[in-house]
Amino acid sequence: MKNDSTTRADYTIENFIKIYERSFIENWDLPALTDYVSGRTQTYGEVATEIIKTHIFFRHIGVRPGMKIALCGKDSMEWVKIYMSVVTYGAVIVPILSEFNPVDVTHIVNHSEAELFFVSPQMWEHINPDALLKVKAVLNTEKLEVFMERENVEIRKDAKLAARRFRREYPGGFTSRDLKFADRDNSELVEINYTSGTTGFSKGVMLTGENLAGNVCFGKHSELHFRSSRALAFLPLAHAYGCAFDMLTPLAVGSHITLLGKTPSPRVLLKALSEVKPNLVICVPLILEKIYKNQILPMISKGAARWTLAVPFLDKVVYAKIRKKLIEAFGGEFEEVIVGGAPLNHEVEEFLHKIKFPFSVGYGMTECGPLISYTPWKKFKVGSSGQTLPTMESMVMSSDPENIPGEICVKGSNVMKGYYKNPEATELVLSDNGWLKTGDVGTRSADGTLYLRGRSKTMLLSASGQNIYPEEIEAKLNNMPYVAESLVVMRDNKLVALVYPDYEQLDRMGLQGAELDQPMEKIREELNKLVAPYERISKIILMPNEFEKTPKRSIKRFLYSN
């Protein structure tokens, strides 16, 4: 991985579709995709062959350049091949998170005006076919099989003839010399990605070839992935973060992607990491935070370890052992762990930095497909979200951007075209000269490094007029004993913490019901010692169930604001 500093002039943003035409040709015999569960592997040549088979099918059923095709299913080799078949044909992909409920999935298919819908058998069972307004046919994500077709449409017959037609077009076999993808300008729409927002229903983010190529070319130039490197894909590929850096960038350079295909619980994930040994780990904060809270914190809080860490020389020995253990847990052969998708808990971040664990925190949003800022771990500044990309600009709407937080605005190659069929929402965030209001509040140093404080929509105002960023209080509270997750809200002009307790830990301690009042009051008192006077919590309210979350595991704050 390159750690040198680069400038805007160093980057050439290539044609998005031609990136993959070249990569599949150059890496024809290399392994491209592996299913972790079954061990099945396909080379770049085999994947390219299946893509062309799908292109022939598309051509015979009348798929046009720019036509919308929706895709909803669990991450799999087939999911990747459908996505790549659609975009390299010149159609527009509408990836839908499989965690969305069937009503929302139907709404997204209709709103996007998708004419074809690839869906997993599990999701299809819960979809009402009559509610799909413009869809001509529904197809299985797992094999070229038609679940449903409209009257006067004969797509089922074309699906059965697809393999025969492919053999007829390439009687001598399909080789790298035959590979040719669509010619589409980077200004054309490639994807409509519906956000999994915390403040209400999602909007369709229109991403062009330029937006996606901006992310991929940065990944190529920075050598986040490289030819024959190993990647373990466990984040949702329908989400912009996983899509860009667990799929699109690796496929652009000849990496070998192993698709986990399971829920990435810490136990499942750590086993897969130790077996695949990826060269780069792309993850969300929750994974590191769980490992820290459940494995590291108990270890360093014990009497002997706590005493050892107080001795100047011995603390380095303990930290070195923890660092070695943690690196081995992540496979032992990675350059760095890149954390994104949500802010990383400050206490966890400080500890990882203290033990010299190779990690970096990036910043992005679906509207930028997704990357805005990133710095390689050796130059990463703790507490920051990395340096603004060379192909992007950033500014903070504040009289003193380095010291007084304001809304972060960005501009550049990665910024979306707008929200699909929603000019009002587009106008609210995207100016005529291309500046995007991110909705995030933070500061910016002179070198373009961004420091996030929270979301502008979640910021609270104290009775005396100070700005309160609830995420910062929640980060401290979530590291307290017996707290699984929390949400800080304003009730009757006082700050209140809604807490979902760690019931597993409470059961081990034999605590329940009214017995929780005393430990929670103690937690409130300890928390109030760590925050500013105007950030103090007046009381803790226990929640009987987990907070409702988006598919990327962010709490839906708007449900608890009153």
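Arg184 is placed in the loop between α6 (155-169) and β8 (189-194), helices (H or I, at least four residues) and strands (E, at least two) being DSSP runs numbered from the N terminus. The structure is a predicted model, in which local features need pLDDT of at least 70 and side-chain atom pairs count only at pLDDT 80 or more, whereas totals for chains, interfaces and linings use all residues. Residues are numbered from 1 along each chain as its sequence is written, and side-chain values use heavy atoms, with hydrogens and water left out.

Arg184 counts as buried because its relative accessibility is 18%; buried denotes under 20% relative accessible area, exposed over 50% and partly exposed in between (1.4 Å probe, protein chains only). Not counting residues up to four places away in sequence, Arg184 touches Asn15, Ile17, Pro65, Gly66, Gly90 and Leu189, where contact means heavy atoms within 4.5 Å. Arg184 and Asp507 are 323 residues apart in sequence, and their C-alpha atoms are 59 Å apart in space.

Leu189 is also touched by Thr208, a residue of strand β9 (residues 204-208). With a relative accessible area of 7%, Thr208 is buried. The other residues touched by Thr208, not counting those up to four places away in sequence, are Asn186, Ser187, Glu188, Val190 and Lys417.

The largest nonpolar core comprises 156 residues, and those with the most contacts inside it are Tyr20, Tyr83 and Phe357. Such a core is a set of buried Ala, Val, Leu, Ile, Met, Phe, Trp, Tyr and Cys residues joined through side-chain atoms within 4.5 Å. Tyr20 touches Met84, Phe181, Val216, Leu248, Thr249, Leu251 and Ala252, not counting residues up to four places away in sequence. A second, separate core of 19 residues includes Ile473, Leu495, Val499 and Met520.

Tyr83 also takes part in a helix contact. The axes of helix α3 (residues 77-89) and helix α8 (residues 240-253) come within 12 Å and cross at roughly 70°; axes are lines fitted to C-alpha atoms, for helices over the stretch in contact, and angles run from 0 to 180 degrees between N-to-C directions. The two helices, α3 and α8, are therefore roughly perpendicular to each other (angles under 35 degrees count as roughly parallel, over 145 as roughly antiparallel, 65 to 115 as roughly perpendicular and the rest as oblique). Trp79, Val80, Tyr83 and Met84 of α3 and Cys243, Met247, Leu248 and Leu251 of α8 make the contact. By class, this contact of α3 with α8 has eight nonpolar, no polar and no charged residues; Ala, Val, Leu, Ile, Met, Phe, Trp, Tyr, Cys and Pro count as nonpolar, Asp, Glu, Lys and Arg as charged, and the others, Gly among them, as polar.

Helix α15 (residues 470-477) packs against helix α17 (residues 517-530) at an angle of about 125°, with axes 10 Å apart, and α15 and α17 are therefore oblique to each other. Ile473, Lys476 and Leu477 in α15 meet Ile523, Leu527 and Leu530 in α17. The residues of this contact of α15 with α17 divide into five nonpolar, no polar and one charged. Seven of the eight residues of α15 are buried, including Ile473 and Leu477.

Val489 lies in strand β24 (residues 483-491) and, at 7% relative accessibility, counts as buried. Leaving aside neighbours within four places in sequence, Val489 is in contact with Leu460, Lys494, Leu495, Val496, Leu498 and Tyr560.
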